[in-house]
Amino acid sequence: MRPVHGGGSLVLIDAHAHLDEIDDLEQSVSQARAVGVAAIVGVGMTLESNRRILAIARKYPGLVFPAIGYHPWEIHDETVEQTLAYIERHLPSCVALGEVGLDYKARVKKALQKEILSRLLETAHRQGKPAILHCRFSHESALAIVRDAGLEKAVFHWYSGNLETLRKILDQGYLISATPALAYSLPQQEAVRHTPLEMILIETDTPVEYRGRASRPADVVRTAELVAEIRGEAFERVAERTTQNAVGFYGIDLESEGGRVATDGS
């Protein structure tokens, strides 16, 4: 894997990683830094994972930037109110709401998923935060809810929907993100070809396995390489532009050691 820094000017941002789910965090962070990863957005899915992500962000200020959320797979009646209250309280110290969304293959009633997503997006809108969206077999429904919430910034994580819905997403000014699955996912390849580079984020979705290999934040280099290959653009341009995209979308300050991280993980 090539170092991105080279002459010291190019850096990458992993826009979506579940850092709380890996057991080699220190090693993974060191590897990411070694290849030029300047920032990692750590995302939460449950009350407990949100707490862990905030703690990790405090451990790595200026490198790990937290997003907290409530994944549709993890919605349970007995945890809804506590989780929503926690997100309401701690979202101000995060760069985004996420991971949230709809998953129509999950064993959670669609009506409940929609209700929770609407409530979460109302919070994000009120607090001026972007949203990171998981949408499986639900892109149109999720887009309608995001649009109705009046959200200015949203990213459709690991987009692999159809091109008609993609156009609607882009028309709203929302972004998509790409993962190492670009190596074999034809729908994701098509999405990346048809999306302006300034509307693409790159990520790893650590620790997701791609072709049997668990990913880590350093693998965002591979995502950048694949985006460059599929689009016929220079790697350096993809690296620079997607980093600018992530900085603008998340409001990340790469020059600040403290960055925008949580101060209270209770």
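Proline 207 sits in the loop between strands β8 (200-202) and β9 (209-210). Helices (H or I, at least four residues) and strands (E, at least two) are DSSP runs, numbered from the N terminus. This is a predicted model: local features need pLDDT of at least 70, side-chain atom pairs count only at pLDDT 80 or more, and totals for chains, interfaces and linings use all residues. Residues are numbered from 1 along each chain as its sequence is written, and side-chain values use heavy atoms, with hydrogens and water left out.

**Backbone features**

Most residues other than glycine have a negative phi, and most peptide bonds are trans. Four places in the table depart from one of these patterns.

| Place | Feature | Value |
|---|---|---|
| Threonine 206 and proline 207 | cis peptide bond | omega about 5 degrees |
| Glycine 98 and glutamate 99 | cis peptide bond | omega about 20 degrees |
| Phenylalanine 137 | positive phi | about 55 degrees |
| Aspartate 205 | positive phi | near 55 degrees |

Aspartate 205 lies in the loop between β8 and β9, the loop that also holds proline 207. Aspartate 205 has 6% relative accessibility, so it counts as buried (under 20% relative accessible area; exposed is over 50%, partly exposed in between, with a 1.4 Å probe and protein chains only). Phenylalanine 137 is in the loop between β5 (131-136) and α5 (139-148). At 61% relative accessibility, phenylalanine 137 counts as exposed. Glutamate 99 belongs to strand β4 (residues 96-103).

**Helix packing**

How do α2 and α3 pack? Helix α2 (residues 47-59) meets helix α3 (residues 80-90) at an angle of about 25 degrees, and their axes are 10 Å apart. Axes are lines fitted to C-alpha atoms, for helices over the stretch in contact, and angles run from 0 to 180 degrees between N-to-C directions. The angle makes α2 roughly parallel to α3. Angles under 35 degrees count as roughly parallel, over 145 as roughly antiparallel, 65 to 115 as roughly perpendicular and the rest as oblique. On the α2 side, Leu47, Asn50, Arg51 and Leu54 take part; on the α3 side, Gln82, Thr83, Tyr86, Ile87 and His90. Contact here means heavy atoms within 4.5 Å. These contact residues divide into four nonpolar, four polar and one charged. Ala, Val, Leu, Ile, Met, Phe, Trp, Tyr, Cys and Pro count as nonpolar, Asp, Glu, Lys and Arg as charged, and the others, Gly among them, as polar.

A second pair is α7 (residues 186-193) and α8 (residues 220-231), whose axes come within 9 Å and cross at roughly 70 degrees. That makes α7 roughly perpendicular to α8. Gln189, Val192 and Arg193 of α7 make the contact with Val227, Ile230 and Arg231 of α8. Three of these residues are nonpolar, one is polar and two are charged.

**Two single residues**

Threonine 243 lies in helix α9 (residues 235-250). Is threonine 243 buried or exposed? Its relative accessibility is 7%, so threonine 243 counts as buried. The side chain of threonine 243 reaches the backbone oxygen of valine 11 at 2.6 Å. Leaving aside neighbours within four places in sequence, threonine 243 is in contact with Val11, Leu12, Ile13 and Leu254.

Proline 61 lies in the loop between α2 and β3 (64-68). With a relative accessible area of 32%, proline 61 is partly exposed. Its C-alpha atom is separated by 9.7 Å from that of alanine 39, and the two residues are 22 residues apart along the chain.

Definitions and conventions:
A polar contact is a pair of N or O atoms within 3.5 Å; within protein, one must be able to donate a hydrogen and the other to accept it, and residues adjacent in sequence count only if both atoms are side-chain atoms.
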